[in-house]
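Subject: Structure for you to look at, with notes

Dear colleague,

Please find below the structure that I promised to hand over, together with its sequence. My notes on what was found follow underneath, and I would be glad if you read them with the model open.

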Amino acid sequence: MPREYYSVSEAAKTLGISVDTLRRWDRLGRIKAERDKSNRRVVPASEIERLRGEPGSAHLSARNRFNGIVTDVKIEGLIAQVEMIVSDPVRLVAVVTRDAVEELELRAGMPVTAIVKSTSVMVQH
């Protein structure tokens with residue numbers, strides 16, 4: 001039977017963020033955490049799935065997916081470079097088109113999924 005709730009530390013690790021970031025996101029309303037009987041913050045599995053991107057939501061044949069957080073976006077002409085932390089200390093950098101960055105509204109601090117297929121990296125939001 002799948003879990004319904006995760007502790008703050010488990011949720012943060014699963015999302016590839018710090019516990020402090022998860023608490024801040026809760027205060028800002030970016031994630032909907034709840035409280036258990038002991039008034040501890042818990043995160044519903046559905047919230048983790050929402051932030052990571054639901055597995056069946058994209059119709060791609062790619063199987064290598066890395067969920068992470070955007071740390072930097074650099075745009076030069078028609079090309080954009082998106083840097084993300086996948087899981088410490090891994091750092092992944094993708095070179096994508098400016099149009100893709102603008103369409104996905106990518107910015108630092110945003111949760112994303114890097115999809116690796118052969119030698120290409122696609123970014124899903």
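In what follows, a cavity is a set of grid points where a 1.4 Å probe fits but cannot get out, and its lining residues are those with an atom within 4 Å of such a point. Please keep in mind throughout that this is a predicted model.

Let me begin with the interior space. The structure holds one cavity of 30 Å³ or more, and the space in the largest cavity comes to about 30 Å³. Its lining is made up of Leu15, Leu51, Arg52, Asn67, Gly68, Pro111 and Val112. At least two of the lining residues come from each of α3 (45–52), β4 (64–76) and β7 (111–117). Sorted by class, the lining of the largest cavity consists of four nonpolar, two polar and one charged residues.

Helix α3, which contributes to that lining, also contains Glu47. Is Glu47 buried or exposed? Its relative accessibility is 8%, so Glu47 counts as buried, the cut-off for that class being under 20%. Leaving aside residues up to four places away in sequence, Glu47 touches Ile31 and Lys32.

The next item is a sheet. Three strands form an open sheet in the order β1-β3-β2, and their pairing is antiparallel. The edge strands are β1 (5–7) and β2 (34–35), each of which pairs on one side only. Helix α3 packs on this sheet, where it touches β1 and β3, and the direction of α3 makes about 60° with that of β3.

The pairings can be followed strand by strand. Between β1 and β3 the antiparallel pairing runs over three bridges, and here Tyr5 stands opposite Pro44 in β3. On the other side, β2 pairs with β3 (residues 41–44), again in the antiparallel sense, over two bridges, with Val42 in β3 as the bridge partner of Glu34. β2 and β3 also form a hairpin with five residues between them, and Asn39, which lies in the turn, has a positive phi of about 65°.

As for the surroundings of β3, both of its faces are covered, since Arg41 and Val43 on one side and Val42 and Pro44 on the other are all buried. Pro44 is thus both one of these buried residues and the residue that Tyr5 stands opposite.

With best regards

Technical notes: Residues are numbered from 1 along each chain as its sequence is written. This is a predicted model: local features need pLDDT of at least 70, side-chain atom pairs count only at pLDDT 80 or more; totals for chains, interfaces and linings use all residues. Side-chain values use heavy atoms; hydrogens and water are left out. On a 1 Å grid over the protein atoms alone, a cavity is a set of points where a 1.4 Å probe fits but cannot get out, and a pocket is an open set with protein on both sides within 12 Å along at least five of seven lines; lining residues have an atom within 4 Å of a point. Grid points are joined across faces, edges and corners, and a volume is the space filled by probe spheres set on the points. Helices (H or I, at least four residues) and strands (E, at least two) are DSSP runs, numbered from the N terminus. Ala, Val, Leu, Ile, Met, Phe, Trp, Tyr, Cys and Pro count as nonpolar, Asp, Glu, Lys and Arg as charged, and the others, Gly among them, as polar. Buried means under 20% relative accessible area, exposed over 50%, partly exposed in between (1.4 Å probe, protein chains only). Contact means heavy atoms within 4.5 Å. Two strands pair if DSSP finds at least two bridges between them. Axes are lines fitted to C-alpha atoms, for helices over the stretch in contact, and angles run from 0 to 180 degrees between N-to-C directions.
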